[in-house]
Amino acid sequence: MISWLLNLQYAVAGLASVFVFVLSLAKRKPSLASLSALGLVELGLLAQLVVSISLAVGGARAKTDTIEFFGYLIVAMMIPLAAGFWALVERNRWSTMVLAVAAATVAIMLARMQQIWFG
(Lines give C-alpha, C1' and ligand atoms only; values in the text may rest on other atoms or scores of the structure.)
Protein backbone atom coordinates (compact mmCIF):
# COMPACT_ATOMS: atom_id res chain seq x y z
CA MET A 1 0.00 0.00 0.00
CA ILE A 2 1.42 3.35 -1.06
CA SER A 3 0.57 6.43 1.01
CA TRP A 4 -0.03 8.87 -1.85
CA LEU A 5 -2.33 6.40 -3.63
CA LEU A 6 -4.24 5.85 -0.40
CA ASN A 7 -4.64 9.62 0.10
CA LEU A 8 -5.86 9.96 -3.48
CA GLN A 9 -8.39 7.19 -2.86
CA TYR A 10 -9.61 8.92 0.31
CA ALA A 11 -10.16 12.11 -1.69
CA VAL A 12 -11.92 10.37 -4.57
CA ALA A 13 -14.18 8.28 -2.32
CA GLY A 14 -15.01 11.26 -0.10
CA LEU A 15 -15.75 13.60 -3.00
CA ALA A 16 -17.77 10.92 -4.78
CA SER A 17 -19.80 10.30 -1.64
CA VAL A 18 -20.56 14.01 -1.14
CA PHE A 19 -21.32 14.55 -4.85
CA VAL A 20 -23.72 11.62 -5.08
CA PHE A 21 -25.30 12.53 -1.73
CA VAL A 22 -26.06 16.01 -3.08
CA LEU A 23 -27.59 14.41 -6.19
CA SER A 24 -29.72 12.27 -3.91
CA LEU A 25 -30.88 15.30 -1.91
CA ALA A 26 -31.86 16.88 -5.23
CA LYS A 27 -34.07 13.79 -5.81
CA ARG A 28 -32.09 12.73 -8.86
CA LYS A 29 -32.28 9.18 -10.10
CA PRO A 30 -29.03 7.31 -10.78
CA SER A 31 -27.37 8.75 -13.86
CA LEU A 32 -24.14 8.60 -15.76
CA ALA A 33 -22.72 11.24 -13.40
CA SER A 34 -23.48 9.31 -10.21
CA LEU A 35 -22.40 5.98 -11.64
CA SER A 36 -19.20 7.53 -13.04
CA ALA A 37 -18.31 8.87 -9.59
CA LEU A 38 -18.59 5.36 -8.21
CA GLY A 39 -16.64 4.08 -11.21
CA LEU A 40 -13.73 6.32 -10.22
CA VAL A 41 -13.83 4.82 -6.72
CA GLU A 42 -13.73 1.33 -8.24
CA LEU A 43 -10.86 2.33 -10.54
CA GLY A 44 -8.86 3.50 -7.51
CA LEU A 45 -9.49 0.20 -5.77
CA LEU A 46 -8.36 -1.68 -8.86
CA ALA A 47 -5.14 0.37 -8.91
CA GLN A 48 -4.67 -0.39 -5.20
CA LEU A 49 -5.09 -4.11 -5.92
CA VAL A 50 -2.45 -4.06 -8.65
CA VAL A 51 -0.01 -2.06 -6.49
CA SER A 52 -0.62 -4.24 -3.42
CA ILE A 53 -0.10 -7.46 -5.36
CA SER A 54 3.13 -6.03 -6.79
CA LEU A 55 4.32 -5.06 -3.32
CA ALA A 56 3.40 -8.47 -1.88
CA VAL A 57 5.21 -10.28 -4.68
CA GLY A 58 8.21 -8.03 -4.03
CA GLY A 59 8.27 -9.13 -0.40
CA ALA A 60 6.35 -6.36 1.37
CA ARG A 61 3.92 -7.49 4.03
CA ALA A 62 1.20 -5.84 6.06
CA LYS A 63 2.13 -5.11 9.67
CA THR A 64 -0.91 -6.97 10.96
CA ASP A 65 -2.08 -9.59 8.44
CA THR A 66 -1.57 -9.52 4.69
CA ILE A 67 -4.39 -11.97 3.97
CA GLU A 68 -6.83 -9.88 6.00
CA PHE A 69 -5.72 -6.81 4.05
CA PHE A 70 -6.45 -8.48 0.72
CA GLY A 71 -9.78 -9.72 2.09
CA TYR A 72 -10.77 -6.14 2.91
CA LEU A 73 -9.57 -4.96 -0.49
CA ILE A 74 -11.57 -7.57 -2.40
CA VAL A 75 -14.73 -6.88 -0.38
CA ALA A 76 -14.24 -3.13 -0.88
CA MET A 77 -14.08 -3.76 -4.62
CA MET A 78 -17.43 -5.58 -4.50
CA ILE A 79 -19.27 -2.71 -2.80
CA PRO A 80 -19.32 -0.20 -5.71
CA LEU A 81 -20.21 -2.98 -8.13
CA ALA A 82 -23.13 -4.17 -6.00
CA ALA A 83 -24.35 -0.60 -5.42
CA GLY A 84 -24.11 0.18 -9.12
CA PHE A 85 -26.06 -2.96 -9.98
CA TRP A 86 -28.72 -2.02 -7.42
CA ALA A 87 -28.94 1.50 -8.84
CA LEU A 88 -29.45 0.17 -12.36
CA VAL A 89 -32.08 -2.36 -11.31
CA GLU A 90 -34.07 -0.05 -9.03
CA ARG A 91 -33.83 3.42 -10.53
CA ASN A 92 -35.15 5.83 -7.91
CA ARG A 93 -33.88 8.54 -5.59
CA TRP A 94 -32.94 6.04 -2.88
CA SER A 95 -30.73 4.14 -5.27
CA THR A 96 -28.69 7.31 -5.61
CA MET A 97 -28.40 7.42 -1.82
CA VAL A 98 -27.16 3.80 -1.89
CA LEU A 99 -24.39 4.93 -4.26
CA ALA A 100 -23.38 7.69 -1.83
CA VAL A 101 -23.33 5.26 1.10
CA ALA A 102 -21.27 2.81 -0.95
CA ALA A 103 -18.60 5.44 -1.64
CA ALA A 104 -18.52 6.39 2.06
CA THR A 105 -18.25 2.71 3.00
CA VAL A 106 -15.25 2.31 0.73
CA ALA A 107 -13.57 5.30 2.41
CA ILE A 108 -14.12 3.68 5.82
CA MET A 109 -12.77 0.37 4.57
CA LEU A 110 -9.70 2.17 3.21
CA ALA A 111 -9.05 3.51 6.69
CA ARG A 112 -9.19 -0.03 8.06
CA MET A 113 -6.88 -1.28 5.31
CA GLN A 114 -4.44 1.49 6.24
CA GLN A 115 -4.50 0.26 9.86
CA ILE A 116 -3.87 -3.30 8.76
CA TRP A 117 -1.03 -2.45 6.35
CA PHE A 118 0.83 0.21 8.32
CA GLY A 119 0.06 -1.03 11.81
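This is a short tour of the predicted model open in your viewer.

**Start with the whole chain.** Colour by secondary structure and you will find 4 helices and 0 strands. Following the sequence from its start, the pattern reads α-α-α-α. The radius of gyration is 15 Å, close to the 14 Å that the globule rule gives for 119 residues, so the chain is as compact as a globular protein of that length. Switch to the C-alpha trace and turn it along its principal axes: the spans are about 50 × 25 × 20 Å.

**Next, show contacts.** Among contacts with a separation of 6 or more, 84% join residues 24 or more positions apart.

**Now select helix 3 and helix 4.** Helix 3 covers residues 66-89, and helix 4 covers residues 93-118. Show the side chains of Glu68 and Arg112, which meet in a salt bridge at 3.4 Å, N to O. Glu68 sits in helix 3 and Arg112 in helix 4, 44 residues apart, so the pair links distant parts of the chain. A search of the whole structure finds 1 salt bridge.

How accessible are these two partners? Arg112 has 29% relative accessibility and counts as partly exposed. Glu68 is partly exposed too, with a relative accessible area of 27%.

**Finally, turn on the surface.** The accessible surface comes to about 6,400 Å², and carbon and sulfur atoms hold 73% of that area. Of the 119 residues, 40% count as buried. Colour by charge to pick out 8 positive and 4 negative side chains. The centres of these two sets lie 12 Å apart.

Technical notes:
Residues are numbered from 1 along each chain as its sequence is written. This is a predicted model: local features need pLDDT of at least 70, side-chain atom pairs count only at pLDDT 80 or more; totals for chains, interfaces and linings use all residues. Side-chain values use heavy atoms; hydrogens and water are left out. A salt bridge is a side-chain nitrogen of Lys or Arg within 4 Å of a carboxyl oxygen of Asp or Glu. Helices (H or I, at least four residues) and strands (E, at least two) are DSSP runs, numbered from the N terminus. Buried means under 20% relative accessible area, exposed over 50%, partly exposed in between (1.4 Å probe, protein chains only). The radius of gyration is taken over C-alpha atoms; the globule rule is 2.2 Å times the number of residues to the power 0.38. Contact means heavy atoms within 4.5 Å. Accessible areas come from the Shrake-Rupley method with a 1.4 Å probe; for residues, only the protein chains shown count as cover. Lys and Arg count as positive and Asp and Glu as negative; His and the chain ends are not counted. The place of a charge is taken as NZ of Lys, CZ of Arg, CG of Asp or CD of Glu.
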